[in-house]
Every structure is written in C-alpha cells, then in structure tokens.
Amino acid sequence: MEPTKEQLERLKICERDMLACFVNICEKIGVKYFVLGGTLLGAVRHSGFIPWDDDVDVCMLREDYEQFIAQAAAYLPDYYFLQTHQTDPQYPNNFAKLRDSRTTYIETSAKNLRINHGVYIDIFPMDYYPEGFAAKVYEIKKRLLSRRINSVYYLPDMGFKAKLSGIVARILYPDLEKAIAKREKLFSSYRNASRLVNNSGAWSEKEIIPVQWFEGETELIFEGIKVKAPAKYDQWLSFVYGDYMSLPPEAERTGHHYADIIDLDRPYSEYI
C-alpha cells in the first residue's frame, strides 16, 4: 500500500529530522555528501520540499562513505540506527540506511527479512566505474551477484528471464555471505576513474556519470535544511530526467515504495 496523505506528511517530518541529523554528523566528521534523485529534484524544482515521493536519498563518494560508516554511529541518538550488512546481518544491500527505530515501515519486498524496519533515508556510495572491456566484465559480475543477493527479497512478479538468471546466479554463487563479500569487493575495487556509478540506483545506465559532475558543490535548501548538491546538478538532472523542471503527468506523481505496514507511533520490533 501507499502511505495515506496524513501518513505521508508525518513521514516527511521524520525523514527531514533524519536528514538534519545526517547533515550535522557529516559536518562534525568532515565528510562530503550530496543530495540526489527525488531529493535533489525537490530542492531544485519543488521550492525545497519533498515532492510526492516518500523517501530521502543522499550519496557520498566511496572514501567519504567508508569514513561515515566507520564514525557516524558514535554521534547518533539512541533511536536512530545506521543499517548496513555489518550492523544488521540480514540486510543485504550495498548501501546504508539511517533508520528511526521508533517507527515501522515494512516494505512489501523486505517483509520476510528480520531487520530494522523503521522509517529511513538512503545513503548511497558513489563508486568509480571502469572503462572499456573491464566495464563489460564489471556489469556481468554485478548483475549476477545482484540477482543472487536480491533473491532474499519478496519479488513475486519475476519473468522467465529473471528466474533463469536467478538460477544461474545461485549456481555460481551458492553462498549468500560470499556473494555479498564479492559484490563489495567488486564495487570498491576501482579507486580512480573518469566516471562514477551509483550501483544501487534506479536509473541503470544513467547512473554512470562523469566524475566532474561531483567535483564541486553548491548549497540548496531542502525542507528548511541547508544541504549540499553537486555544483553541476543541472547536468545530472537533465541527464536523468530530461526537462526536469516540467512536472510529469499527474498519474505518475506517486511514491514507489510499497509497504505492508506503516505505523509511525510504534516501533518495528512490535511487528516482527
């Protein structure tokens, strides 16, 4: 189900508070971050407010991401939880989530996982992307590893090709923990290149962008918070969305994270 209008307004407040905490920690430990996706679009096109989407996305270059993961927990209030595969072993993703443990947001795809299911914001690492033939090998490995690892999610509508690739992935990578380790090694294997990639982004080939787009930063306002955006955000938004200042059809102005349970007054632990 999608959040009700009342729930969506409360979700925005919860996410805004987590974003403010995230920004404060980044300033304290001296790491750079950027808002991206619908969050960047909200800051630029929607007068600094979350549009109709229902989550907040930020990204960090790999080096800053690793420093943040190593140090951030010491600065978090008790009710916030920095979720990675290391802190929450059944959580399989290669990116982190900052969760509010006082709340419940059990997404349909993750309903079978015994993890922290609080309301969250996503924190994506931006990795360097190889060139030429190495990029082809990289993509093949990434797709097979991702298919194997994502098999832990509830994905009822997979087609024949997806099911077949899932079988192949299980044969090649029967051990889930080893597959997760191999994926992490693959994604962090390049420490310098002319392009960056968000390996967990939703835009496939559009996630591969020039390093120069993220070399500088500019300040924008998002939900009343001063946030950092890539200095060349116009290039990124145009590349991903085309004419990004024009609104999509009204029928498409919906969130894309479907949840079985949304409860902003009780912790997820009461449901699992």
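Me: In which loop is Ser 204 found?
Reply: The model is a predicted one. In it, Ser 204 belongs to no strand but to a loop. That loop runs between strand E7 (195–197) and strand E8 (208–210).

Me: What is the phi of Ser 204, which is not a glycine?
Reply: Ser 204 lies in the loop between E7 and E8. Its phi is positive although the residue is not a glycine. The value is about 45°.

Me: Is Asn 198 buried or exposed?
Reply: Asn 198 is also found in the loop between E7 and E8. Buried means under 20% relative accessible area. Asn 198 has 4%, so it counts as buried.

Me: Which residues does Asn 198 touch, not counting residues up to four places away in sequence?
Reply: Asn 198 sits in the E7–E8 loop and is buried. Sequence neighbours up to four places away are left out of its list of contacts. The residues touched are Leu 36, Phe 124, Pro 125, Met 126 and Glu 207.

Me: What is the phi of Glu 223?
Reply: Glu 223 is in the loop between strand E9 (217–222) and strand E10 (225–230). Its phi is positive, in a residue other than glycine. The value is near 50°.

Me: Does Glu 223 count as buried or exposed?
Reply: The cut-off for buried is under 20% relative accessible area. Glu 223 has 14% relative accessibility, so it counts as buried.

Me: How far apart in space are Phe 214 and Phe 34, C-alpha to C-alpha?
Reply: Phe 214 is found in the loop between E8 and E9. It is buried, at 5% relative accessibility. In sequence, 180 residues separate it from Phe 34. In space, the C-alpha to C-alpha distance is 8.4 Å.

Me: Which residues does Phe 214 touch, not counting residues up to four places away in sequence?
Reply: Phe 34 is one of them. A tryptophan, Trp 236, is another, and Trp 236 is itself a buried residue of helix H7. The full list is Phe 34, Cys 59, Met 126, Leu 196, Ile 209, Pro 230 and Trp 236.

Me: Within what arc do the buried residues of H7 fall, seen down the axis?
Reply: Helix H7 covers residues 233–241, and its buried residues are Trp 236, Leu 237 and Val 240. They line one face of the helix because, seen down the axis, they fall within an arc of 95°.

Me: What do the buried residues of H7 pack against?
Reply: The helix ends before Gly 242, which takes a positive phi of about 75° just after H7. The buried residues of H7 have a helix and a strand as partners. These are helix H2 (37–45) and E8.

Me: What arc do the buried residues of H3 cover around the axis?
Reply: In helix H3 (residues 62–71) the buried residues are Arg 62, Asp 64, Tyr 65 and Phe 68. They are on the same side of H3, because they cover an arc of only 160°.

Me: Which elements do the buried residues of H3 pack against?
Reply: The partners include both helices and strands. The helices are H1 (5–29) and H6 (176–187). The strands are E2 (57–61), E3 (80–83), E4 (96–100) and E6 (119–129).

Me: What is the radius of gyration of the protein chain?
Reply: The chain has 7 helices and 11 strands. The globule rule gives 19 Å for 272 residues, and the chain comes close to that, so it is as compact as a globular protein of that length, with a radius of gyration of 18 Å.

Key. Residues numbered from 1 in each chain as written. Predicted model: local features only at pLDDT ≥ 70, side-chain atom pairs only at ≥ 80, totals over all residues. Heavy atoms only, no water. Helix = DSSP H or I, 4+ residues; strand = E, 2+ residues; numbered from the N terminus. Rg over C-alpha atoms; globule rule 2.2 N^0.38 Å. Buried < 20%, exposed > 50% of the residue type's maximum accessible area, 1.4 Å probe, protein only. Arc of directions from axis to C-beta. Contact = heavy atoms within 4.5 Å.
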